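Subject: Structure for your review

Dear colleague,

I am handing over the structure we spoke about, and I would be grateful if you could look through it with the notes below at hand. The notes begin with the pockets and then turn to the chain as a whole and to single residues.

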Amino acid sequence: MGNETKSTQITPTRFFLLLVTTLIYAAVFTSYVNITSFDKCLEKISDWKDFSISKEVNGDSTGVPVDVLFRRLVKGEDRIQLDKTGFGCHSGLHSVLCVTNKAIRIDSVNSLKVYIPSYKYQLNQTIWPYARKEDVTTMNVSPVQILSNDSNVPACQFTYNVPVVIFSSGGFMGNLFHEFNEIIIPLFITTRHFRSHVQFFITDYKPSWVSKYRKYLSKLSTNNIINSAENKGVHCFNGAVIGLEFHDNLAINSTDIPGGYSMYDFRRFLAKAYNLKNINVPKSKQPVLMLMSRQQSRSFLNEEKLVVMMKEVGFKVVIATANETSNLEVFSHVVNSCSVIVGVHGGGLANELFLPNGAVLVRVVPLELEWASTNYYGMPSGEMGINYLEYKIKAEESSLYEQYGKDHPVISDPGSIQRQGYYPFRAVYVDGQNVTLNVSRFRETLVKAFQLVN
């Protein structure tokens, strides 16, 4: 017989093992320089059932050692501190977030205390686990005390084999903008890279809030939520994140989040959580426009005339009231079927998060609310893949013009009202103002919106 040539075949299994080995080396042995690339690759292959790396969480591997997941939440000196001691905190402009990769015990019998028994240094720190630290003094947010080297460390009563994330559901609850801005988005920033293998431990537990966002919460954590008020006792975990990371209003800084996620990625995640069908604006000769109808303040006083004009432009009009928006699992689908949302500045316009890509948010800006409109909605919309149009009313379109007259400081010198402080300013311009739009002038804005979605 002649000479035989032996060849080495790279089977799919061998190729996969080679890829995993390369990724592990890049992520673990290169000081985590290319974390974003590793996460992106990991996301592509995380559905492989046999994918497993070193440390498991709750019996299912996240594909990354849990110590690495903790490490990604802090940077610079804070990361060095975590590596050195097992505990580190990041204090940003708006939020404080503490991380420990050591075993911890949460005592929720009285006030909430977190013990780190194996921590070698003296530690007695109190934080408020809410994403905007400048607001906690004006809201019902309970503090969390972090302790070590305490001779009275209580024994474990409930033991879990997953990391815990402690946060408050207090704050401006009931306002959709604040719920997304200060909890829902920060929760994504803080926990998405754990790939559902975490336990949520909620202080200031609001059953209505948890019920409202249950679908979303269940996508970020596969474990039952712990209510600190009802589940009294000593809960033990293999590590903890205390607090949530906040970047900006309705915003994610992709360079400061593990995995490099963006607001576009967050909206994709949200759409999957609520099973939304429309990824992009559906093409239609008669696109659907949702008019957010307010009853208390900042309401349209000529709403019927506006609806007639909107239909003349070519829209099918859906009017949404506060009662209809309360059930998020239903209302999110209604929003997702729309191409345009129109409304006066207010929390309900945060429903733009459920719009398909390429949709339009038309914001009517009342007198003296330009800054809030631009910073809360105008700037974030572009990062979401949403077109943003503003209609700034003239003084004559505000109810304040008729109420006070053109020569009153409310109209002629609003700065003098602003100098009186936040609450006097809010009473006039936020809570005391309605609008009667110039239908012909507003029509021009809606024609632009129609063109954008067609």
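The largest pocket in this predicted model holds about 950 Å³ of space. Its lining is made up of 31 residues, and those closest to the centre of the pocket are H178, A372, Y376, Y422 and R426. Helices α5 (176-191), α12 (370-384) and α16 (422-430) each contribute at least two residues to that lining. By residue class, the lining of the largest pocket splits into 11 nonpolar, 11 polar and 9 charged residues, which may be of use to you when you set up any calculation there.

The second largest pocket has a volume of about 650 Å³, and of the 27 residues that line this pocket, G174, L176, A322, T325 and G348 lie nearest its centre. At least two lining residues come from each of α5, α6, α10 (322-325) and β15 (340-344), and α6 gives the largest share, with 3 residues. Here the lining of the second largest pocket divides into 8 nonpolar, 15 polar and 4 charged residues. Helix α5 is thus named among the contributors to the largest pocket and also among those to the second largest pocket.

Since α6 has come up, one of its residues deserves a word. K212 belongs to this helix, which covers residues 207-212, and the side chain of K212 makes a polar contact of 2.8 Å with the side chain of E179. Setting aside the neighbours within four places in sequence, K212 is in contact with L176, E179, Y274, S326 and L328; of these, L176 is also one of the residues that lie nearest the centre of the second largest pocket.

As for the chain as a whole, the model contains 17 helices and 17 strands, and 52% of its 454 residues count as buried. If one takes the contacts between residues at least 6 apart in sequence, 74% of them join residues at least 24 apart. The accessible surface comes to about 21500 Å², and carbon and sulfur atoms account for 50% of that area.

Three loop residues may be worth a look for their surroundings.

- S95 sits in the loop between β1 (87-91) and β2 (96-100), and it counts as buried because its relative accessibility is 1%. The side chain of S95 reaches the backbone nitrogen of F246 at 3.2 Å, and, residues up to four places away in sequence not counted, S95 touches H90, A131, K133, L244, E245 and F246.

- V153, in the loop between β6 (144-147) and β7 (158-159), has a relative accessible area of 24% and is therefore partly exposed. Although V153 and P117 are 36 residues apart along the chain, their C-alpha atoms are separated by 7.2 Å, and P117 is listed with R105 and Y115 among the residues that V153 touches, once those up to four places away in sequence are left out.

- I252 is placed in the loop between β12 (240-242) and α8 (263-273), and with a relative accessible area of 12% I252 is buried. Beyond residues up to four places away in sequence, I252 touches I185, F188, I189, H247, I257, Y261, S262, M263 and F266. The C-alpha atom of I252 is separated by 8.8 Å from that of E383, a residue 131 places away along the chain.

Finally, there are two backbone angles that you may wish to inspect for yourself. Most residues other than glycine have a negative phi. D204, which is not a glycine, nevertheless has a positive phi of about 50°; this residue is found in the loop between β9 (199-203) and α6, and its relative accessible area of 17% makes D204 buried. R298 likewise shows a positive phi, near 55°, in a residue other than glycine. The place of R298 is the loop between β13 (288-292) and α9 (303-313), where a relative accessible area of 8% means that R298 is buried.

With kind regards

Methods. Residues numbered from 1 in each chain as written. Predicted model: local features only at pLDDT ≥ 70, side-chain atom pairs only at ≥ 80, totals over all residues. Heavy atoms only, no water. Helix = DSSP H or I, 4+ residues; strand = E, 2+ residues; numbered from the N terminus. Polar contact = N/O pair within 3.5 Å; in protein donor to acceptor, adjacent residues only side chain to side chain. Contact = heavy atoms within 4.5 Å. 1 Å grid on protein atoms, 1.4 Å probe; cavity = no way out; pocket = protein on both sides within 12 Å on 5 of 7 lines; lining within 4 Å. Points joined across faces, edges and corners; volume = space filled by probe spheres on them. Nonpolar A, V, L, I, M, F, W, Y, C, P; charged D, E, K, R; others polar. Buried < 20%, exposed > 50% of the residue type's maximum accessible area, 1.4 Å probe, protein only. Areas by Shrake-Rupley, 256 points an atom, 1.4 Å probe, with all protein chains shown as cover.
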